[in-house]
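I sat down with this model to look up its charged side-chain pairs. Here are my entries, for anyone who likes to follow along.

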Amino acid sequence: MLDGQRARKADFSSTREALAPLRAAGSARRAVGMRNYFKSYESVAFFGITAPAVRRIARDVARARRTSWEVGTAVAFCDAMLRHAQLEAKSVGMLVLGRWKRDYPRWLLGTARGWLAGGRCATWA
């Protein structure tokens, strides 16, 4: 769970800005192939995007917000992205948050534990 006093709410346009290219670049055929790496009982969803494309989208989002966001806003963005089922959306959230790694506050550990306990990162290989 996010610390409400420390994490600012990420604007919804940044989440849409990250999801739009993920959806656009997705390939149903590639998503099926990616799904084959997991057990049949595992609940994992994909857009079907290559790792370099995911990293590029995360880099673009982070660069566009670097001067206007503080680490708390990046945490809120990551939290919003982790709510999506697709592994690529979760990855973008984590990669964007990683751009603020030098500014990580102590309370982020508790937030990350909440993500793990809540199953938001349970689909990672």
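These are my notes on salt bridges, burial and one arginine in a loop.

**Entry 1, ground rules.** I am working with a predicted model, where local features need pLDDT of at least 70 and side-chain atom pairs count only at pLDDT 80 or more, while totals for chains, interfaces and linings use all residues. I number residues from 1 along each chain as its sequence is written, and side-chain values use heavy atoms, with hydrogens and water left out.

**Entry 2, the count.** How many salt bridges does the structure hold? I find four, taking a salt bridge as a side-chain nitrogen of Lys or Arg within 4 Å of a carboxyl oxygen of Asp or Glu.

**Entry 3, Glu17 and Arg65.** I looked up this pair and found a salt bridge between the two side chains, at 3.0 Å from N to O. It ties together distant parts of the chain: Glu17 sits in helix α1 (residues 12-25) and Arg65 in helix α3 (residues 51-65), 48 residues apart. Helices here are DSSP runs (H or I, at least four residues), numbered from the N terminus.

Is each partner buried or exposed? For this I use relative accessible area: buried is under 20%, exposed is over 50%, and partly exposed lies in between (1.4 Å probe, protein chains only). Arg65 is buried, at 10%, whereas Glu17 is partly exposed, at 33%.

**Entry 4, Asp79 and Arg83.** Here I have another salt bridge, again with its N to O distance at 3.0 Å. Shared partners extend the picture, as salt bridges join Asp79, Arg83 and Arg120 into one network. I then checked burial: Asp79 is buried at 7% relative accessibility, but Arg83 is exposed at 55%.

**Entry 5, Asp60 and Arg59.** The side chains of Asp60 and Arg59 also form a salt bridge, at 3.7 Å from N to O. I note both as partly exposed, Asp60 with a relative accessible area of 39% and Arg59 with 27%.

**Entry 6, on to Arg99.** Where is Arg99 placed? I find it in the loop between α5 (87-98) and α6 (108-117). Arg99 is partly exposed, at 39% relative accessibility.

Which residues does Arg99 touch, leaving aside its neighbours within four places in sequence? I list Arg59, Ala62 and Arg66, with contact meaning heavy atoms within 4.5 Å. Arg59 from the previous entry thus turns up again: Arg99 and Arg59 are 40 residues apart in sequence, and their C-alpha atoms are 8.4 Å apart in space.

Key. Helix = DSSP H or I, 4+ residues; strand = E, 2+ residues; numbered from the N terminus.
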